[in-house]
Amino acid sequence: MDGGAWSVESCLERHVPPEELAEVKRILYGGEARKLCLPAAAVTAAQERDFELQGYGFEAAPEQLRRPRVVRVGLIQNKIPLPTDTAVAIQVAALHKRIEEIVEVAAMCGVNIVCFQEAWTMPFAFCTREKLPWTEFAESAEDGPTTKFCQELAKKYNMVVVSPILERDEIHGGTLWNTAVVISNSGAVLGKSRKNHIPRIGDFNESTYYMEGNTRHTVFQTQFGTIAVNICYGRHHPLNWLMYSINGAEIIFNPSATIGSLSESMWPIEARNAAIANHCFTCPINRVGTEYYKNAFTSGDGKKAHHDLGHFYGSSYVAAPDGSRTPGLSRTMDGLLVVEMDLNLCRQVSDKWNFKMTGRYEMYAEELSDAVQPEFIPNIIRE
Ligand SMILES: NC(=O)NCCC(=O)O
């Protein structure tokens, strides 16, 4: 399924009889997400610029003492516009240009916080295990050209920008990290959050380049809500989501790069479950397309040498704390998903389900601290 804007949701729309569709959506998605009415100029610009534009909204009940806290987030998924053997600076410039034209449409749609995909300024070349030229895509999180570019966007559109890049940390020996830079709507760099979990699976050979992050579970208090960034493989680690939530995250972005053969059946479940378990909104974003490399590579798994990592299936979506979710963007096209959410829903769902109250954190903490000791004895009763 590689053509047009194919998605599971568009397939359901086409094939499930209309009288049953609402019930199917209630069971699968927690109901029909409210479609946002986006400005005609934005819809036209998206068509002209050849990307999918979808908009949905999540409501919360009115409260007496708190006003609604309505924000709009924008999730951007995209292909790399140029072949991977194009000069590094030209590839980066082309990606900046592509993102700039999508962010402009996000601004037309009133987006307050935008997040790009994992390592958005480059092909996801870590599969190759070659150092050059891929390490040349690394930049300073604080004042690299991509951060400066995002600061301009943030100021121009009064938008918080979450920019996941390959970071070069000059003050620590020029080491590399997989890092999301969070830029305030004022244009100031608020801080950075490094990928906590590095995959060692299939062709995801990222540990050749960088190590597990050391920024713990930092959250960022922005004008539009408290946000966190759980980068890609962290998605599979429930405690990673939990720790961002414990630090107060209301929206957790999950910029990713993952392929159909590996994770597509897990994709709709993991971030959505994290939204439910942690009473917050989660926003998984995946790149799209297949990226080809001149030199064939292997990953010690007996497979024949090959030139690509597989198909990145897009399908970015937003899940809400009540377990409902938006449809996903296409599996194949660039896209912008605009989602309006009332952050009051987080506390409302928390008051209903009380997971933060019913969770046995002291017991988990005690048992986990025992379990990581070398002399740990599992608590098993045997006959
Ligand atoms: N980028 C990344 O961590 N990918 C690993 C595969 C996955 O988590 O689905």
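Modeller: Two strands are said to pair if DSSP finds at least two bridges between them. The model discussed here is predicted.

Colleague: What is the order of the strands in the open sheet of 8 strands?

Modeller: The pairing in this open sheet is mixed. Strands of a sheet pair through backbone hydrogen bonds, either parallel or antiparallel. Read across the sheet, the order is β1-β2-β14-β3-β4-β5-β6-β7.

Colleague: Which are the edge strands?

Modeller: An edge strand pairs on one side only. In the strand order, β1 and β7 stand at the two ends. The edge strands are therefore, by the pairing rule of at least two bridges, β1 (34-35) and β7 (189-194).

Colleague: How many bridges join strand β5 to strand β6?

Modeller: Strand β5 covers residues 160-169 and strand β6 covers residues 175-183. The two run antiparallel, and Glu167 stands opposite Trp177 in β6. The number of bridges joining β5 to β6 is 9.

Colleague: At what distance does a polar side-chain atom of Thr258 lie from an oxygen atom of the ligand?

Modeller: Thr258 is among the residues that come nearest to the ligand. A polar contact requires a pair of N or O atoms within 3.5 Å. For Thr258 and the ligand oxygen, the distance is 2.6 Å.

Colleague: How much of the ligand's accessible area does the protein cover?

Modeller: On its own, the ligand has 280 Å² of accessible area. The shell around the ligand has 7 nonpolar, 3 polar and 4 charged residues. The share of the ligand's area covered by the protein is 99%.

Terms used: Residues numbered from 1 in each chain as written. Predicted model: local features only at pLDDT ≥ 70, side-chain atom pairs only at ≥ 80, totals over all residues. Heavy atoms only, no water. Near = heavy atom within 4 Å. Polar contact = N/O pair within 3.5 Å; in protein donor to acceptor, adjacent residues only side chain to side chain. Areas by Shrake-Rupley, 256 points an atom, 1.4 Å probe, with all protein chains shown as cover. Nonpolar A, V, L, I, M, F, W, Y, C, P; charged D, E, K, R; others polar. Helix = DSSP H or I, 4+ residues; strand = E, 2+ residues; numbered from the N terminus.
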